[in-house]
Amino acid sequence: MSFTGSISNSIHLGDARRVLPGLLADGMEGSVKLCYLDPPFNTLGAQSTRGHYRDHRTTPQWADLMREVLGSVHALLRHDGSLWLHVDANELGTARLLCEEIFGADNSSGVITWERTRRPVFLHGQMSSVTDFILVYAKDRSKLRPFTDGATERSKRTPLAHRGNRAVELAFPPGTVKFNCGDGTYSAGDHSSPGIDAHLLKDVAVAAGRNVTWLHLTMPSRYSAAKLNQMISDGADFIVPKVPFRPSYIAPGGNPKLVTNLWSWQLESMETNEDAARQQKELHPDLPFPSAKPEGLLRKIITLASEPDDVILDCFAGSGTTAAVAEKLGRRWIAIEESPRTMNSYLRPRMAGLGSIGQIVEPVPDKPVVASHFQVFTDDQWGLVEPLLPNSDGRRGRPFRNQRQVVEGIAYRYRHGIAWRDLPEQFGPWQTAWKRHRVLAADGIWDRIQNLLQAEAYAAGATGCPVFVDSTFNRSHFQGSNLPFGTGNPANDI
Ligand SMILES: C[S@@+](CC[C@H](N)C(=O)[O-])C[C@H]1O[C@@H](n2cnc3c(N)ncnc32)[C@H](O)[C@@H]1O
C-alpha cells in the first residue's frame, strides 16, 4: 500500500513508539524514502548527554525500544526506501540482529564506518575509539538504486596482469593498443618480471604510437580471453606504457561511482563531531546540544538515498540536524522527539530559522507505551526496579533467567490478585516467579520495589489504578495503569 495524500513537514512531540503507529494509522504506510535514526547509543554514562536525555538502558531494554521503532519504520518505508541506523560499538551487535530480524539479512545494503572525531581520547581501555557505524538496510534491496557519488575518472587505468591468476593468451587486433614506449618492431620473447610470467608470442609492429599488427601475449590475467574479446568488440582502449609489456585497460570514465563504506575526514574531508559542535555553537552559543550530528554527514546520506521532494523521517530528532538538512536539500521531512525541552529549545528554533517550522503535532495526553497486555512495567519503571534486584554474578547455580519477565510476573500477580498457579504462561513457569518472590520478599527487596513505584506514581501525580493489590495498596504511574483487570489467563475468564 502506498500513501497517496500529501505529507507536509511536521514535528511530532512524543515517544517514537507511540507516534509511529499514529503515522501508520494516518495511512502513511509505504511513503518514507529515507529514515535516519540516531537513537541514544546506550553508552551507560560513558558519554555525557548532559542531562538532555536518557542513555542508560540495559541492552534488552534498548532492544525492546528499537524493535518497536524499527517494526513501524519498516512499514512506513517505500518499496525503494532505506533505513540508516547510526550506532556506536556499544549496541552494534544488537542493532545488526534487530535489523536482520525486521528487514531480513538479504536487505542489508552495507555498514558505514564514520570517523566521528579528529581528537581521539586515550583515557581508558585498550584502544581509543574514533568511529561510529551506520547500518544501511533496504526495504527491498532489488528495488534500491546503488548509492553513487560523482562519476568514475576518465582514463583510469586497470592493469590486465594479475599476479597469482592463471596464464591466459591475450590477443589484441591492430589499432587497439596505444604504445608509449616508441615506434618500431618488438621481437617475440620473454617479458617476465618478478611474480609475473609473461611472453610476447609474435613480433609486433608499432607506428604512430599504436600497434599496426596483432599483439599476442601470455600472462596471468585479470580477465579471461573471452571477457577481453568482449571488451575489444565493445571498443575498449588499452595502453602499454613501457617494456616489459603490461597492457592496461583505459576506462572511458563518466560512469556513476559507487560510494565506499569508509567515511573519513582524513580521506574525503567528511565532517566530524567537532564540526557538529561548531555548528551547534553557532545555533545555540549558550547551550549547544551535546550529541548533534554534523550537517555534512546528513547531507551525504540524504543526497545518496533520496531525491528532492522525497519524505525523510527521523524518529530521534534531537536538535533537528536531519530535518534541517532535508529542508535545505528540498526534501519533505518528519521529525519525532520525545523531550519537550529539546523540541522547544533546539528543534523548533532551528527549523524556524530556516523558515519552515512545519506542523507541530503534540501528543494526546497520556496514553501509555505498553508493548503488550503482559508488559507490566514501562521501560522507565523497569529502569528504577532493575538496580534494586540482586545480581546473579558471583552466586552459585544458574544465572537468573529473564529477570524482567519473572519480576513482571510477580507484579502482575499482585496487581490482579490471582493465585500463583494462575499466572499467565507469558511470564514463564509460575513456580519460578513464586520462588523468586520468596527470595525478594525475605530480603525486603520486594517492599522497596513497591515503595519506589509508589513514590514515583505520586510524584507523577497519578491517581486511581492500583499496581499492587494484596497486603499493600499502591497507586501506579499513568503509564503502568492501563491494563485491563482480567487475570490474563483465559482459564480464569468467566
Ligand atoms: C542522539 S540524540 C539525536 C541527535 C540528532 N541526530 C541531532 O543531530 O541533533 C537522540 C535523541 O532521541 C531522543 N529520544 C530518545 N528516546 C526517544 C524515543 N523513544 N522517542 C523519541 N525520541 C527519543 C532524545 O531525547 C534525544 O534528543
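Let me start on helix α6, where K281 and E282 are exposed on one side, and where the buried residues, on the other side from these two, are N273, A276, Q279 and Q280, within a helix that runs over residues 273–283. Seen down the axis of α6, those buried residues fall within an arc of 115°, so they line one face of the helix. As for what lies over that face, the cover of the buried residues of α6 includes α7, residues 295–305.

I should say at once that this is a predicted model, and that the confidence varies along the chain: the average pLDDT is 84, with 83% of the residues scoring at least 70. Over residues 367–371, however, the pLDDT is below 50, although the model gives this stretch 14 contacts beyond near neighbours in sequence. The pLDDT also stays under 50 over residues 461–494, a segment for which there are 73 contacts beyond four places in sequence in the model. Where pLDDT is low, the predicted coordinates should not be read in detail, and I would ask you to keep that in mind when you look at the contacts of these two segments.

For the chain as a whole, we have 494 residues, of which 34% count as buried, and a secondary structure of 13 helices and 24 strands. Among the contacts with a separation of 6 or more, 68% are accounted for by residues 24 or more positions apart.

Turning now to a pair of helices, how do α2 and α3 cross, left-handed or right-handed? The axes of α2, residues 59–76, and α3, residues 92–103, come within 10 Å and cross at roughly 35°, and the crossing is right-handed. On the α2 side, the residues that meet α3 are T59, W62, A63, M66, R67, L70, G71 and H74, while α3 contributes T94, A95, L98, C99, I102 and F103. By character, the residues of this contact between α2 and α3 divide into 9 nonpolar, 4 polar and 1 charged.

My last stop is a loop residue, P252, which sits between β17, residues 248–250, and β18, residues 256–258. Is P252 buried, exposed or partly exposed, and why? With 14 other C-beta atoms within 10 Å, P252 is partly exposed, because a residue needs 20 or more such atoms to count as buried and 12 or fewer to count as exposed. The C-alpha atom of P252 is also separated by 7.7 Å from that of K156, a residue 96 residues apart from P252 along the chain.

Definitions and conventions
Residues are numbered from 1 along each chain as its sequence is written. This is a predicted model: local features need pLDDT of at least 70, side-chain atom pairs count only at pLDDT 80 or more; totals for chains, interfaces and linings use all residues. Helices (H or I, at least four residues) and strands (E, at least two) are DSSP runs, numbered from the N terminus. The arc is that of the directions from the helix axis to the C-beta atoms. Two residues are in contact if their C-beta atoms, placed from the backbone, lie within 7 Å. pLDDT is the predictor's confidence in each residue, from 0 to 100. Axes are lines fitted to C-alpha atoms, for helices over the stretch in contact, and angles run from 0 to 180 degrees between N-to-C directions. A crossing is left-handed if the near helix is turned anticlockwise from the far one by less than a right angle, and right-handed if clockwise. Ala, Val, Leu, Ile, Met, Phe, Trp, Tyr, Cys and Pro count as nonpolar, Asp, Glu, Lys and Arg as charged, and the others, Gly among them, as polar.
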